[in-house]
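Grab a pencil and work through these exercises with the model open beside you. Try each task before you read its solution.

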Amino acid sequence: MPHILIVEDETIIRSALRRLLERNQYQVSEAGSVQEAQERFSIPTFDLIVSDLRLPGAPGTELIKLGQGTPVLIMTSYASLRSAVDSMKMGAVDYIAKPFDHDEMLQAVARILRDRQSAPAAGEVVAGKTANGNAKSTADSGNGEIGIIGSCPPMQDLYGKIRKVAPTDSNVLIQGESGTGKELVARALHNLSKRAKAPMISVNCAAIPESLIESELFGHEKGAFTGASAGRAGLVEAADGGTLFLDEIGELPLEAQARLLRVLQEGEIRRVGSVQSQKVDVRLIAATHRDLKSLAKIGQFREDLYYRLHVIALKLPALRERGADVNEIANAFLARQSARINRTDLKFAADAEQAIRHYSWPGNVRELENAVERAVILSESPEISADLLGIDIELGDLEDDEFIGLPAQPAGNAANSSHEPTEDLSLEDYFQHFVLEHQDHMTETELARKLGVSRKCLWERRQRLGIPRRKTGVASES
């Protein structure tokens, strides 16, 4: 069982974090300062140290030296984010911004411990985190060194391109809908590159206020603006020697785009308020769900920057385009969530597997993960039903041969139907015939299950097709 040391001077935060980690099968010790940690524990014996940056007495970064190679995860408020970047340059393995949610912390801890097992070199820098602390929810095992689940043809093609592109220093633009896992692709590119031991600094351009974005990215000098009481390095400078990942780059203001173009063209930055430039060596990976070429045509994105970014373009398919991958990913999420609540008996019922396969997942992997987590929490039996996923499958989402549990032709006498079913029936006719034929001896739940839809969808179809629900007999289910 991994042993984690928490160093945090705020008792409430320290206690809450301890309970969170202990509930997830970690052994935890705690201290309120660096000095207390030194007095009570042998710091190098821990598997991970989670420390606040600002502590009474010595700062949390002192633990980097005292840990003698033990990875240190620095916690910091948004106001001191640039100090966290300095911490990474001093050797912190990662940083996480306060306030953070439970999933975010658990994902960071699991990733650091996993990376330490696979590459336990002392003092090695593993990777950076999103600048606003928002960890993306993605599958973290699967295709060998790529670390992405899925084997459909579009993903196999993507894996091949990642392996070819990763060893180069070429700029990469990752395109795909929100929630498809673009940061996971960026991390794979970094981990397979010659820069893997240097930081990967991730920045969500949509999450930083427009008034702060230039200062955050490029740094500033003392007195450059009101409140700039000291000079600070920017995130681009922190990525020197490593990889800079700019997520949602389409949201970057035009002024910041001009500065970024200089980084790509000249390999140098100039801090806000400075007249001096300095050289930086960064590999840029950008991602967006928007059409940058169209934005460039209407003046909302610099055309010269677009062509600088578009050296290598990787297209990440939407989840609905990945076929059976969706079930594989869902099962990975199920295993993760089951372990989190100490249950080993959970599995998807047949209707849930079909619903997962045929739902369009407009929110992609992120929506799938949330649906599985919700289902695991609410499930009272070992089998997770489709209803617990909280999604609706419309008949129009399925092809003619994709009805769930529906026979090729409904059996029995069509007493309430004006014609027998034939192969020429449309889906609407098929629905109407099946409901009229079976509603006298099936409940609404049974009808919905046979048709592969939710009860809500069944009710809506009844209303649209003018098929009233029977008030007597079996179908009068409460």
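**Exercise 1. Work out the strand order of the open sheet and find its edges.**

Step 1: Line up the 5 strands of this predicted model, and you get the order β7-β8-β11-β6-β12, with parallel pairing. Strands here are DSSP runs of E with at least two residues, helices are runs of H or I with at least four, and both are numbered from the N terminus. Two strands pair if DSSP finds at least two bridges between them.

Step 2: Now look for strands that pair on one side only: those are β7 (200-204) and β12 (312-315), the edge strands.

Step 3: Check the twist, which averages 20° from one strand to the next.

Step 4: Zoom in on β7 and its partner β8 (residues 243-247), which share 5 bridges in the parallel sense. Valine 203 sits opposite leucine 246 of β8.

A quick note on the ground rules: residues count from 1 along each chain as its sequence is written, and side-chain values use heavy atoms, leaving out hydrogens and water. Since the model is predicted, local features need pLDDT of at least 70 and side-chain atom pairs count only at pLDDT 80 or more, while totals for chains, interfaces and linings use all residues.

**Exercise 2. Describe how helix α13 packs against α14.**

Step 1: Helix α13 (residues 325-340) and helix α14 (residues 350-358) meet at about 125°, with axes 8 Å apart. Axes are lines fitted to C-alpha atoms, for helices over the stretch in contact, and angles run from 0 to 180 degrees between N-to-C directions.

Step 2: So α13 is oblique to α14 (under 35 degrees is roughly parallel, over 145 roughly antiparallel, 65 to 115 roughly perpendicular, and the rest oblique).

Step 3: For contacts (heavy atoms within 4.5 Å), α13 brings Val326, Asn327 and Ala330, and α14 brings Glu353, Ile356 and Arg357.

**Exercise 3. Do the same for α13 and α15.**

Step 1: Helix α15 (residues 364-378) packs on α13 at about 45°, with the axes 9 Å apart.

Step 2: That angle makes α13 oblique to α15.

Step 3: List the contact residues: among them are Val326, Ile329 and Phe333 of α13, and Val365, Leu368 and Val372 of α15.

**Exercise 4. Which elements have the lowest and the highest mean pLDDT?**

Step 1: Start with the whole protein: its mean pLDDT (the predictor's confidence in each residue, from 0 to 100) is 79.

Step 2: Helix α4 (residues 81-90) is lowest at 65, and strand β6 (residues 172-175) is highest at 96.
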